[in-house]
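I open this notebook to record what I looked up in one structure. The entries follow the order of my queries.

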Amino acid sequence: MPLFQQMRGDGREESWFSGPKVRIMRKEENKAIVSIQAWWRGTLVRRTLLHAALRAWIIQCWWKQKLVLLMENRRRVALDAFARQEWAVVKLQSWVRMWCIRLRYLRLLHAVRIIQVYWRWHSCHTRGFIQGHYDLKENQLNLQLEISLGSQACRVQQCIPLPIKE
């Protein structure tokens, strides 16, 4: 109930002062009340908006941190995949190089063997060689030898008894 009013016996309000000054005061009083209420409501709204903005800012900060972690994990996974790929490429290159070098080595080895065969054949015909085999049967040794000296050849076959104690 406003300051300058009182209740009558029949339930209606009556002003203590009734006149143009009182009406002006009531209008000014109403304006003051309305302006105080508007200020308070504005304060409440601004406070609510501030709290909402702070909550939104907190959520945004949290989300930015999560995004940074997600990007870091993605970067790490991409780096691991790249490293695995690079390792596989290096391994494959080393295997191909090894295979090429092995082929080259085998070709050279084959060439060396061919040269050795021809050299041995040539040196046997010019210097001579001994070729033979043997068999060991019970108590005797069977020996067969072929000796070549240039164009001359000599064959030797011999059975040698072995001294075995019974």
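The entries below treat aromatic pairs, a nonpolar patch, salt bridges and one asparagine.

**Entry 1. Status of the model.** I note at the outset that this is a predicted model.

**Entry 2. Aromatic pairs.** I asked how many aromatic pairs the structure holds. My search returned two. In one of them, Trp 39 and Trp 40 have ring centres 6.0 Å apart, with 45 degrees between the planes, and the pair is tilted. I then looked up the exposure of each residue. Trp 39 has a relative accessible area of 53% and is exposed, because the limit for that class is over 50%. Trp 40, at 41%, is partly exposed.

The other pair is Trp 62 with Trp 63. I recorded 6.1 Å between the ring centres and 45 degrees between the planes, so this pair is tilted. Both distances were checked against the pairing cut-off, under which centres must lie within 6.5 Å. Planes under 30 degrees apart would count as stacked and those over 60 as edge-to-face, so an angle between these limits is classed as tilted. For accessibility, I found Trp 62 at 49%, partly exposed, and Trp 63 at 44%, partly exposed.

**Entry 3. Nonpolar patch.** I next asked which residues make a nonpolar surface patch. The patch consists of Ile 59, Trp 62, Trp 63, Leu 67 and Leu 70, and its area is about 530 Å². Trp 62 and Trp 63 therefore appear in my notes both as a tilted ring pair and as members of this patch. Leu 70 lies in helix H1, and its relative accessibility of 40% makes it partly exposed.

**Entry 4. Salt bridges.** How many salt bridges does a search of the whole structure find? It finds two. I recorded the general background that side chains of opposite charge can pair when their charged atoms come close.

In one bridge, Glu 72 meets Arg 75 at 2.7 Å, N to O. I looked up the spacing of these residues: they are three apart in helix H1, which covers residues 20–127, so about one helical turn separates them. In the other, Arg 76 meets Glu 72 at 3.8 Å, N to O. This distance satisfies the cut-off, which is within 4 Å. Arg 76 and Glu 72 are four residues apart in helix H1, again about one turn.

I concluded that Glu 72, Arg 75 and Arg 76 are linked in a network of salt bridges. I then collected the accessibilities: Glu 72 is partly exposed at 31%, Arg 75 is partly exposed at 47%, and Arg 76 is partly exposed at 40%.

**Entry 5. Asn 142.** Is Asn 142 buried or exposed? I found a relative accessibility of 18%, which counts as buried, because the limit for that class is under 20%. Asn 142 belongs to strand E4, residues 140–149.

I also asked which residues Asn 142 contacts, leaving aside neighbours within four places in sequence. The list is His 133, Tyr 134, Asp 135, Lys 137, Gln 158 and Cys 159. As a last query, I looked up a C-alpha separation: Asn 142 and Ile 160 are 18 residues apart along the chain, and their C-alpha atoms are separated by 6.5 Å.

Conventions. Residues are numbered from 1 along each chain as its sequence is written. This is a predicted model: local features need pLDDT of at least 70, side-chain atom pairs count only at pLDDT 80 or more; totals for chains, interfaces and linings use all residues. Side-chain values use heavy atoms; hydrogens and water are left out. Buried means under 20% relative accessible area, exposed over 50%, partly exposed in between (1.4 Å probe, protein chains only). A salt bridge is a side-chain nitrogen of Lys or Arg within 4 Å of a carboxyl oxygen of Asp or Glu. Helices (H or I, at least four residues) and strands (E, at least two) are DSSP runs, numbered from the N terminus. Contact means heavy atoms within 4.5 Å. Patches are made of residues with over 30% relative accessible area and no salt bridge: like charges are joined within 9 Å, nonpolar side chains (Val, Leu, Ile, Met, Phe, Trp, Tyr) within 5 Å. Accessible areas come from the Shrake-Rupley method with a 1.4 Å probe; for residues, only the protein chains shown count as cover.
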